[in-house]
Amino acid sequence: MSPWPILNHVESSVVVTPNIGVIIAIWSPVVLVYFMDAQIWFAIFSTFFGGIYGAFSHLGEIRTLEMFRSRFQSIPEAFYRHLVPLTNQYNRKTHPVEAKERKNIATFSLVWNEFIHSMLMEDLISTWDRDLLQMPSSSSDVSVVQWPLFLLAGKIPVAIDMAKNFRGKDDAGLFTKIASDVYMHNAVIECYETLGDIIFNLLEDEADKRIVRDILYEVDISIQRQRFLTSLQMSGLPLLTYKLEKLLEILLRDTEDADYLRSWIMNVLLDLLEIIVLDVKVYGNEIIERTTSFRRALEQGFRKIDIALIGQKIWREKIKRLYFILTCRESAINIPPNLEAQRRITFFANSLFMNMPDAPKVRDMLSFRSVIVEIKLEIYYCFPTGNKDWKGQFPF
């Protein structure tokens, strides 16, 4: 008790009542600031955690067409690794790497071509885009992988300029520069082997075929013995390429006059032989003097040409593909131009590099009939026992 009576009277008369409005007014800013800080820290945490998780999960690795082009050679392997059951995959110990790579690409090309065809059906890409994007069927006539044309566009003209302007006599230096670009390396080998195959099969006379075989053999030997730059003149490659383009243009023409077409092909083949012997090969005059077949071919020309070969679909597709690789001077970096098609292609490629479970065996998957039976059982137990009207509400 206070010693002063008046104060005791005041203390006993004062009743403290809590004011909810004041409490809310005082503490609400504190609570709001707390939630604001929590939201900020959550946003920071989500950013770092999402970035790290996305990096480890390979999310959004391919964002542009340029990145897609650079990663395309690893897409078939990723497709085969994630979407093909383990029992159907090649064993690394029992099968060579090259055979495994060709198997991966053959499996992937079927799905990739269907994917490109579906975009064509939706008018997202043109027929020209389709031809550039699709992968050709694997051919045993070519020793390298035949990539889509949009990856090989402009590679041969660059390789020819590189060889023509190369300073030095070391084959390894030139071959290393070409092999540094996988697509350029494959384009050069594919053009060389396909050209020899086309010209060899166009000729019907065995003597003419022997000339082509001898030329290809000398080129192969010069590469194996590392004297390619010393036995061949790179300055003659542009003229040789120009004549090869003319030959392919003639082979692609639609004409009913077989005799006129045959004579045209004979003249171009004769020009090609003269360029190879006189402008490309070193000491070509000596080869003509000591080789009877070369001298006879230059004097008489190639008389027997198989015109029917041009009309066959398989050979015509080869000629079209070879003509595009030789003549395309610009890189097809904006193929396809449609933005929706670009988004679908990058999404398709990104999905193959994401972490996903292994593909199960087909026999382990539930059939469509099993899924329908399970749905029927769940619906049956959801309805009352006496209500049988649920059967007419579903189309199964």
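This report describes the fold, selected helix packing and four individual residues of a predicted protein model.

**Overall composition**

The secondary structure of the protein chain consists of 20 helices and zero strands. The chain has 396 residues, of which 37% count as buried. Its exposed surface comes to about 25000 Å², and carbon and sulfur atoms supply 60% of that area. When contacts between residues at least 6 apart in sequence are considered, 75% of them join residues at least 24 apart.

**Packing of α8 against α13**

Two packed helices are described by the angle between their axes and the distance between the axes. For helix α8 (residues 155-164) and helix α13 (residues 237-252), the angle is about 155° and the axes lie 10 Å apart. Angles over 145 degrees count as roughly antiparallel, so α8 is roughly antiparallel to α13. On the α8 side the contact is made by Ile160, Ala163 and Lys164, which meet Leu237, Pro238 and Thr241 of α13. By residue class, this contact of α8 with α13 comprises four nonpolar residues, one polar and one charged.

**The buried face of α9**

Helix α9 spans residues 171-179, and its buried residues are Asp171, Leu174 and Ile178. Viewed down the axis of α9, these buried residues fall within an arc of 75°, and they therefore line one face of the helix. An α-helix has 3.6 residues a turn, so residues three or four places apart point the same way. The partners of the buried residues of α9 are α8, α10 (182-202), α11 (206-224) and α12 (228-231). Helix α8 thus appears in two of the descriptions given here, once with α13 and once with α9.

**Four individual residues**

The table lists the location and relative accessibility of each residue discussed below.

| Residue | Location | Relative accessibility |
|---|---|---|
| Asp123 | loop between α5 (97-121) and α6 (127-133) | 67%, exposed |
| Gln226 | loop between α11 and α12 | 61%, exposed |
| Glu245 | helix α13 | 10%, buried |
| Ile250 | helix α13 | 4%, buried |

Asp123 is not a glycine, yet its phi is positive, at about 60°. Gln226 likewise has a positive phi of about 60° without being a glycine. Asp123 is placed in the loop between α5 and α6, while Gln226 is placed in the loop between α11 and α12.

Glu245 belongs to helix α13. Residues under 20% relative accessible area count as buried, so Glu245, at 10%, is buried. Leaving aside residues up to four places away in sequence, Glu245 touches Tyr323, Leu326, Thr327 and Arg329. The C-alpha atoms of Glu245 and Phe324 are 9.5 Å apart in space, although the two residues are 79 residues apart in sequence.

Ile250 also lies in helix α13, and its relative accessibility of 4% makes it buried. With residues up to four places away in sequence again left out, Ile250 touches Leu261, Trp264, Ile265 and Val268. Between Ile250 and Val268, which are 18 residues apart along the chain, the C-alpha separation is 9.1 Å.

Terms used: Residues numbered from 1 in each chain as written. Predicted model: local features only at pLDDT ≥ 70, side-chain atom pairs only at ≥ 80, totals over all residues. Heavy atoms only, no water. Axes fitted to C-alpha atoms, helices over the stretch in contact; angles between N-to-C directions. Parallel < 35°, antiparallel > 145°, perpendicular 65-115°, else oblique. Contact = heavy atoms within 4.5 Å. Nonpolar A, V, L, I, M, F, W, Y, C, P; charged D, E, K, R; others polar. Buried < 20%, exposed > 50% of the residue type's maximum accessible area, 1.4 Å probe, protein only. Arc of directions from axis to C-beta. Areas by Shrake-Rupley, 256 points an atom, 1.4 Å probe, with all protein chains shown as cover.
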